[in-house]
Amino acid sequence: MLRSPSRLGPVLGALLAGTLVSVPIPASGAPASTATDYSLRIEPSRSGPPIADTMYGVFFEDINRAADGGLYAELVQNRSFEYDRVDNPSYTPLTAWTPRSVAGATGTAEVVDDAERLNERNRRYLRLDLDGNGGASAAYGVTNAGYNSGITVTAGKAYDFSVWARTDRARGTPLAVTLTDPSGAALAEPSRIEVRGDRWTRYTATFVARTSSTAGRLTVAAGGAGVVRLDMVSLFPRDTFMGRPNGMRKDLADKIAALEPGFLRFPGGCLVNTGSHEAYEAPNWERRRSYQWKDTIGPVERRATNANFWGYNQSYGLGYYEYFQFAEDIGAMPLPVVPALVTGCGENRATDDPELLRRHIQDTLDLIEFANGPATSTWGRVRAEMGHPAPFGLTHIAVGNEENLPDEFFERFTKFREAIEARYPEMTVISNSGPDDSGPTFDRAWELNRAGGVDMVDEHYYNSPQWFLENNERYDSYDRDGPEVFLGEYASQDNRFFNALAEAAYMTGLERNADLVKLASYAPLLANEGYVQWRPDMIWFDNAKSWGSTSYEVQKLFMTNVGDEMVPSEASSTPVTLEPITGAIGLSTWATSAAYDDVKVVSADGDTLLSDDFSGDDSQWTHATGRGSWAIEDGAYVQYDTGAEDTMVTAGDPSWRNYDLHVKATKRSGSEGFLVAFGVRDTGNYYWWNLGGWGNTRSAVEEATDGGKQTLIEDETRIETGREYDVRIEVRGRQVTLFLDGQQWGSFTDDKVAEPFRQVVTRDQATGELVVKVVNAQDAPASTRIDLGRRVRVAPVARLTALQGDPDAVNTAESRPIQPQESRLEGVSNSFTHTFPANSVTFMRIRAVSR
């Protein structure tokens, strides 16, 4: 089903209206005997599984400053003076603020936490001690620099200022509030506020910008003498998404809404399953806590802040009420995630506190009441008081996120599920399968989920483009009698168009398995280019602009053209010959110091290709990445730098194949183990055995293709510090066998094919069209014979929407080389030929009616 005809664009809209405005593209009228690269057979008279409107959605997590400084429209950074070294070692309570003297006034500005605070959950405030010197215009205060380069304002637009303040002067204290550029030039008329009384009171003002700037500064300065206390200094654009107070940045929200997402998963992610699970109370005020929904509701000045997992402070101005409201505003199903009291994301601890577990289970039940309860219920009343008397209609809730301890997680998940189903039997409770697409944690989690009769399992994985091209059939063989799948996080490991092409090819497999894969969301959603902790990301932004990545364009094309049901189809494949694994060898480390010795490479015929006991120099080795500190010490090759990542050195001939690699390796210090590489073609293309990786929690063989990695085999091997390990890797053709201390550790055959030509067909019942979705992720065009059989009448004109371009293209603030192009295709019949451009995604809408 095409979910919003109003967003079809001029060409598609004109076609529905019966007019054509684009330049036609003729279909080839060649007879069936003409040579083509591919064939595509469609059976439009048959129907496959239905596809839900909620098939594709978005996942919002406050990573990359996605909330404060991003989607949450607040322009003042550190508005409540709660920044702390717990959030980030570089922070102070005055981060983003500087003291400011006007017309010679003097005083002091100090952030304090005492009994005069605004409230118990907003503990710190700014105390200004004013000396009272200077003339009538003298004032002393602070200036805020906002996020990135400063506060962005647009000429003619209104901005709402507010502050909580109190004074010890009986006659009151004047506050001068100004909006300027860095040189002090006014961007708007200044405002004057008279603070009266020594009780916390909220004061407001409005600015109308007369000049546009992306580097604005907000100054709040007090005149006279005495003590003035300030907190919750805020500046919001009046023009938020849907005009909501405490609302969303409009351009970012508009881009999310344009995707027409079927669901909104929130708030995480690693925010949910990391940190302390304790409540916000003494003595835990300054500890990083897991995301707990009750901290995030009610008046914003009464919401606690938190140390964000990704290394900054999180204000909770964007809280659960705002998430539910935003989901409703964009027509998406809300899908919250709650902690299961087992941490992940590298922490990997299970909280063993029955009373705390009971409290979190009750909190989850209260959350459902907050979302769905009548306005007369305890938590439904809170929702109504916040401005939404009607229920939000919550139907799905996820417990946990990427837990690496599957047994401990499932024990706790079961208790959550039992309590939820007892009170709310209609609720779908979602489990998960850990942080990767395979491996012991994944297998054990799925075993538990199947045995427990779980409704739906959330899978997460971030892999190379090659992995996505190779694994289109991943869900074809999943058990249809087991849990349904929610693909809650996935992405190819870059923002180039080739990554988006690989994701598009994979999405055809998701749709083909729509009877099993019920929900899917790319991740992460947002990235502030000045605060990036993770890439790739779907939507990028700075203070003034936002732009969709190439993956955004692919996601938008799929999400706005889902269709109502699958239509059976079959395409030919690309002939491929797999060459033997070929390449040199390498040694590397990751945040670890390690020593290597007695490196030897022997061909399958027994010839010695390389031997180095490091009794001389290291002239055989090339510092491939230029990272780390390598030197020979006591007859071993040592990498010393425990802060350096990917320190690979290489040796040998890139044409080597069919050989055994022997090496002795010792971890000296650091957080991981060691990495031994083979099949090394260059720094972006190789295999390595990652022993003691991921914080020394597991070991795996990874294949890197153009810099993106995928895991081929793994187990839970950990590496001991100071112990020498004997490592042997046997490479034969495309089969690899690995030995650790003389024992076979594992083996695999890398024989998957990265198929570049993928397709899927759905039916849009509202328009009567087949939506033929073809991905051609290769440098050559694909001439394709398309056969629709003889049981339908086919309209002679089809509508095309295509993404096409250089596979290395990246969308930026200044340039969008990848964006949809709309056209019409003439000469369409029951059997016709069309050439799909190189490196393209093409959606072809064909009107077909049964005879």
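## Charges over rings

Arg65 lies over the face of Tyr531, at 5.2 Å from the ring centre. This is a predicted model, so please read the distances and angles below in that light. A second arginine takes up a comparable role for the reader to look at: the charged end of Arg265 sits over the ring of Phe59, 4.1 Å from its centre.

## Aromatic pairs

Aromatic rings are a good place to go next, with 51 aromatic pairs in the structure. Take Tyr462 and Trp534: their ring centres are 5.0 Å apart and their planes stand at 65°, which is over the 60 degrees required, so the pair counts as edge-to-face. This pair links distant parts of the chain, since Tyr462 belongs to strand E21 (residues 456-463) and Trp534 to the loop between E24 and E25, 72 residues apart. Are the two residues buried or exposed? Tyr462 is buried, with a relative accessible area of 18%, while Trp534, at 29% relative accessibility, counts as partly exposed.

Trp467 and Tyr506 give another geometry: with centres 5.5 Å apart and planes at 45°, the pair is tilted. Trp467 is part of helix H8 (residues 465-470) and Tyr506 of helix H9 (residues 497-512), so the pair ties together parts that are 39 residues apart in sequence. Both Trp467 and Tyr506 are buried.

Ring pairs also build a cluster, whose members include Phe60, Phe266, Tyr291, Trp293, Tyr316 and Tyr320. Tyr321, Tyr323, Phe324, Phe370, Trp379 and Phe392 belong to this cluster too.

## The disulfide

How many disulfides does the structure hold? There is 1 disulfide, formed by Cys270 and Cys345, with their sulfur atoms 1.9 Å apart. The torsion about the S-S bond is about -90°, so this disulfide is left-handed. Cys270 sits in the loop between strand E15 (263-266) and strand E16 (306-307), and Cys345 in the loop between strand E18 (333-338) and helix H4 (354-372), so the bond ties together parts that are 75 residues apart in sequence. Cys270 counts as buried, at 9% relative accessibility.

## A sheet of three strands

Now to the sheets. One open sheet has 3 strands in the order E24-E25-E26, and its pairing is mixed. Strand E24 (526-528) and strand E26 (546-548) are the edge strands, each pairing on one side only. Neighbouring strands of this sheet are turned by 20° against each other on average, direction ignored.

E24 and strand E25 (residues 539-541) pair in the parallel sense over 3 bridges, and Phe541 in E25 is the bridge partner of Asn528. Helix H2 (residues 250-258) packs on the sheet and touches E24, E25 and E26, with its direction making about 15° with that of E26.

## A sheet of four strands

Another open sheet is made of 4 strands in the order E28-E2-E46-E50, again with mixed pairing. Which strands stand at the edges? Strand E28 (569-571) and strand E50 (831-836) do, each with a single partner strand, so one side of each is left without a neighbour in the sheet. From one strand to the next, the twist averages 20°.

Within this sheet, strand E2 (residues 38-42) and E28 pair in the antiparallel sense over 3 bridges. Leu40 has Ala571 in E28 as its bridge partner.

Technical notes:
Residues are numbered from 1 along each chain as its sequence is written. This is a predicted model: local features need pLDDT of at least 70, side-chain atom pairs count only at pLDDT 80 or more; totals for chains, interfaces and linings use all residues. Side-chain values use heavy atoms; hydrogens and water are left out. A disulfide is a pair of cysteine sulfur atoms within 2.5 Å. Helices (H or I, at least four residues) and strands (E, at least two) are DSSP runs, numbered from the N terminus. Buried means under 20% relative accessible area, exposed over 50%, partly exposed in between (1.4 Å probe, protein chains only). Two strands pair if DSSP finds at least two bridges between them. Axes are lines fitted to C-alpha atoms, for helices over the stretch in contact, and angles run from 0 to 180 degrees between N-to-C directions. Contact means heavy atoms within 4.5 Å. Rings of Phe, Tyr and Trp (its six-membered ring) pair if their centres lie within 6.5 Å; planes under 30 degrees apart count as stacked, over 60 as edge-to-face and the rest as tilted. A charge sits over a ring if NZ of Lys or CZ of Arg is within 6 Å of the ring centre and within 35 degrees of the ring normal.
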